[in-house]
Amino acid sequence: MFDQIKQQQVDNIDLLSLRGQFIGGVETDDLRSALNAVAEKEVNNLVLNLAEVSYLNSTALGVLISAKANFSKRNGRIVLCSVSKSIENIFVITKLTLVFDIYATQEEAIKSFTHS
């Protein structure tokens, strides 16, 4: 698929594992494309695993917010998991912790769909 994005499916949940820095270049365009591809499908449950993400800039955050809105319109859900301390700080400072559900592990994030 894309260099910095690995896609899998667990049950009826899509899982995107991101790696590296998302700083508004080709990698962020790839992220937008991957999110749009998932949104086109009938099942709109997505876990974004950020364990290997070292940086997200405002452009990348915008892509995530836009995807969240797109999924919400389709009665879908995006949750985040395995967020490092530095990335979590970005979400806290920007108040995006109020927008996204963030789980400690991928397993917890996946389970959140069966309990929602």
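Helix axes are lines fitted to C-alpha atoms over the stretch in contact, and the angles between them run from 0 to 180 degrees between N-to-C directions. The structure described here is a predicted model. In this model, helix H1 (residues 26-40) and helix H2 (residues 58-73) have axes that come within 10 Å of each other and cross at roughly 10°. Since angles under 35 degrees count as roughly parallel, H1 is therefore roughly parallel to H2.

The contact between the two helices involves Thr28, Leu31, Arg32, Leu35, Asn36, Val38 and Ala39 on the side of H1. These meet Thr59, Ala60, Val63, Leu64, Ala67, Asn70 and Phe71 in H2. By residue class, the contact of H1 with H2 comprises nine nonpolar, four polar and one charged residue.

The strands form an open sheet of five, arranged in the order S1-S2-S3-S4-S5 and with mixed pairing. Strand S1 (5-10) and strand S5 (101-103) are the edge strands, each pairing on one side only. From one strand to the next, the twist averages 25°.

Several of the pairings are parallel. Eight bridges connect S2 and S3 in the parallel sense, and among the residues concerned, serine 17 has asparagine 49 in S3 as its bridge partner. S3 and S4 are likewise paired in the parallel sense, over five bridges, with leucine 48 opposite leucine 80 in S4. Strand S4 (residues 77-81) and S5 also run parallel and are joined by three bridges; cysteine 81 stands opposite tyrosine 103 in S5.

The connections between strands were examined next. A right-handed β-α-β unit is made by S2, H1 and S3. From S3 the chain crosses through H2 to S4, and this β-α-β crossover is right-handed as well. H1 and H2, the helices of these two connections, are the pair whose axes cross at roughly 10°.

The placement of helices on the sheet was also computed. H1 lies across S1, strand S2 (13-22) and strand S3 (45-56), and the helix runs at about 175° to S2. Because angles over 145 degrees count as roughly antiparallel, H1 is roughly antiparallel to S2. Helix H3 (residues 85-93) lies across S3, S4 and S5, at about 110° to S3. That angle falls in the range of 65 to 115 degrees, so H3 is roughly perpendicular to S3.

How values were computed:
Residues numbered from 1 in each chain as written. Predicted model: local features only at pLDDT ≥ 70, side-chain atom pairs only at ≥ 80, totals over all residues. Heavy atoms only, no water. Helix = DSSP H or I, 4+ residues; strand = E, 2+ residues; numbered from the N terminus. Contact = heavy atoms within 4.5 Å. Nonpolar A, V, L, I, M, F, W, Y, C, P; charged D, E, K, R; others polar. Pairing = 2+ DSSP bridges. Right-handed = clockwise from strand over helix to strand, strands pointing away.
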